[in-house]
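User: I'm new to reading structures and would love a close look at one spot, with a bit of its surroundings afterwards. Please keep it relaxed and explain the jargon as you go.

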Amino acid sequence: MKKKLILLSLITIPLLLNAETILESIEINSQEEQQESTQNSDSAFAGDIVYEKEGYLHNAPMQKQMSGKRAMEVAGSNGDPLKALQSFAGVVSTNNDNGSEIYIHGSKPRETLFTLNHLPVGYLFHLGGVHSVIAPELTGQIDAYLGGFDVTYGAMGAVVDITPKYPTGEDSGHLHLGMYDADFAYDAKLGENTNLFISGRRSYFDLIADKVMDELDKDDENERKKTTFTLFPQFNDGTLILTHEMGDELFSLEMITAHDKLKLNDTFNIEKDPVAVGKINADYSFNTIGTRWVHNGENSTSNTLLYCLSSEENSEFFDADFFVKTDLKEYGLYHETVFDLDKHTLSLGAEVTKTHAPVKIHANRPDDTDIYTPVTQQEVLDLEKTFDAKEYTLFAQDIWELSSSDYLRYGLRGWKTDFQNFGSGVDPRVAYVHNVNDNLTLSMAVGQYSQLPQNLSMIKEFGNPKIDTQESSTHYTFSLQKSFDDHSSVTVEPYFKKFKNLAISDDQTNYKAVGEGEAYGVDITYKKQIDKFDMMVAYTYVNAKRQLNTNSNRQYRFEGDIPHTLQVSTNYHFGNNWHTSAYLKYSSGSPYTPIVGQENYDYQGKSYVRPIYGTPYSKRLDANYDFDMQVGKTFKYADNKSLEVSLEFMNINALFKKNVEGIKYNDQYEEDGTYEQMGFLPAFHVTYRF
């Protein structure tokens, strides 16, 4: 059953969420690509060099930064800098596998906005979360705003802003060969002021996996119950950025593409859920193309982007011939201008999006909690409709230098949409920073944040199309940052977030936007640097609850409520271009809903059993442990050529004790052991730079 849940959430839910129009399109904050000055930010990883972008308020709460280069050196990243996100305080995951699901301060994954300089992507992580769709060489910097962020972002929970590295015309590139995929990238000079970056990546586990294993799972006592692949998960992606400079103006053409496939046949639950067996085929892709104009004036900068996102998704599952098909087209225009006015930094911006999304679905309604209802005997729903929508957004913000030690950021974000009856709204936000002295800073931020509910809850048949209220949250965030003379620092950041108008289950209308919830906790980060060694210790405490159904006002834990997470990240450069890093993590186990009984039901003349659940999320799995290591060596040659070799050992802890991922039940829904997370996983990387 656990595996079935994973497969359903992997294929059905993401397709339904992306099938909608403007909802959950990925936005990106503008950034001054040509900024020359850099500095060591107190919010960055110790010793890391990062940019403070326009709109960034130094020492404001909940701001985490890391360069792409440094992120690659975090143990367990497996060659993908975005995987280093989980080393920050406040960012937790429900397991230590290579999954991409992260939970920030009690927010669900869909409530975190991933951005790439305002160029949208159809999805951020490839199938299974092993790699993101962003080329590692393109990731210049990662900024994670965990709460209290400014008005340039339209998410309800948190924001991860990826700053790309634009081509510089160095006529240099790299070839990378990993254990599971290979990629290349090249930065070329095409003219005096014209440069090109191009990259591509292809996984090849699917080419060798059938020689390693024939079956993902097999019941030794019943040959009918197994899962076999006919096409192992495979993916590819590519990026192209063409730039041309004319004085203070930068023009660019930017393209990102990705494609994922998976085919398997699953009969594991044939004795429990006879309809939910058979084929599971997923094929989805996206292409984004945009043109950008960046102006770098003496006292002002501006960023204008015109783009088109095309996303196609096609899934088929079970012998019952369920399917989900979508073909989304999103057109957008984004503009932001920043004025430097002595003691004020004023940002004015606007965005317009238009979306056209044909959707065709033949399936049952997926579960939105971990309470699994057998597909057998469920109503099969059909939807064939084209969604069209427009959204208009305006935002204005000022960063005011009140004195040499006091800074105030305040602004408004207003939006209007013609989708259904959502209308318009305004979100005010404010932040204040007080530098007590050179080594001690106090800050706070308060703001309102809103976004449309998940598409599944609003579309005809599957949800309630009469929902006309945005989900919203109010953030109260605080920060104390203290630096010491021994190149160390400590940051303590308590927070409280109140959620309202959540779209929750309703027995009469499927969903109603009346749910409430809250999350509170504290992030504590300690950093220490000694010559070429540095360490970051991050502790996270969170208490998160939400209302699940309109039948009761009671709030329950959910899968992202991981109370305690303690992480230690280390990095050491030594000898002749050697480096080594380690990552250790302890976290509370995920909550789950226990099965407390069984009941019989009949289907096609045969008797089956379905589960009876107890109190939602009232039990918790055992605590999780993670231990990863990385060691690498760079061989440098003439003409700036080099060979980088690194070896990673992920989930070393699994050699001693594997982490529990879920409870295993037999055909009568009686506990029959546990499902365990991925075991020990090595990875080898060879990168030739020329």
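In which strand is the place of Lys-416?

Analyst: Lys-416 sits in strand S18, which covers residues 406–417. Strands here are DSSP runs of E with at least two residues, helices are runs of H or I with at least four, and the numbering starts at the N terminus. Before we go on, this is a predicted model: local features need pLDDT of at least 70 and side-chain atom pairs count only at pLDDT 80 or more, while totals for chains, interfaces and linings use all residues. Residues are numbered from 1 along each chain as its sequence is written, and side-chain values use heavy atoms, with hydrogens and water left out.

Back to Lys-416. This residue is partly exposed, because its relative accessible area is 47% (buried means under 20%, exposed over 50%, partly exposed in between, using a 1.4 Å probe and protein chains only). Now find Lys-390: the two lysines are 26 residues apart along the chain, and their C-alpha atoms are separated by 8.5 Å. If you skip the neighbours within four places in sequence, Lys-416 is in contact with Lys-390, Glu-391, Tyr-392, Gly-423 and Ser-424 (contact means heavy atoms within 4.5 Å).

For a contrast, try Ser-443 in strand S20, residues 440–451. Ser-443 counts as buried because its relative accessibility is 6%. Its side chain reaches the backbone oxygen of Asn-59 at 3.0 Å. That's a polar contact: N or O atoms within 3.5 Å, where within protein one must be able to donate a hydrogen and the other to accept it, and residues adjacent in sequence count only if both atoms are side-chain atoms. Leaving out residues within four places in sequence, Ser-443 has contacts that include Asn-59, Ala-60, Pro-61 and Tyr-432.

Pro-682, in strand S36 (residues 681–689), is one more spot to visit. This proline is partly exposed, because its relative accessible area is 28%. Pro-682 and Ile-652 are 30 residues apart in sequence, yet 8.9 Å apart from C-alpha to C-alpha. Not counting residues up to four places away in sequence, Pro-682 touches Met-179, Tyr-180 and Glu-648.

Strand S20 holds a residue with a ring story too. Tyr-449 lies in S20 and Phe-149 in the loop between S5 and S6, so this pair ties together parts that are 300 residues apart in sequence. Their ring centres are 4.5 Å apart with planes at 55°, so the pair is tilted. (Rings of Phe, Tyr and Trp, taking its six-membered ring, pair if their centres lie within 6.5 Å; planes under 30 degrees apart count as stacked, over 60 as edge-to-face, the rest as tilted.) Phe-149 is buried because its relative accessibility is 2%, and Tyr-449 is buried too, with 0%. Tyr-572 and Phe-574, on the other hand, make a stacked pair, with 5.2 Å from centre to centre and 15° between the planes. Tyr-572 counts as partly exposed because its relative accessibility is 38%, and Phe-574, at 29%, counts as partly exposed as well. Phe-149 and Tyr-449 belong to one aromatic cluster with Tyr-145 and Tyr-153.

Tyr-145 takes us to the strands on either side of that loop. S5 (residues 139–145) and S6 (residues 158–164) pair in the antiparallel sense over six bridges (two strands pair if DSSP finds at least two bridges between them). Within this pairing, Tyr-145 has Val-159 in S6 as its bridge partner. The two strands belong to an open sheet of four, in the order S1-S5-S6-S4, with mixed pairing. Its edge strands, each pairing on one side only, are S1 (63–67) and S4 (112–115).

Finally, have a look at some hairpins. S22 (residues 488–506) and S23 (residues 510–530) run antiparallel and are joined by 17 bridges, with three residues between them in the hairpin. Tyr-495 stands opposite Gly-521 in S23. S23 then pairs with S24 (residues 533–547), again antiparallel, over 14 bridges. Their hairpin has two residues between the strands, and Asp-531 takes a positive phi near 55°. In S24, Arg-546 is the bridge partner of Gly-517.
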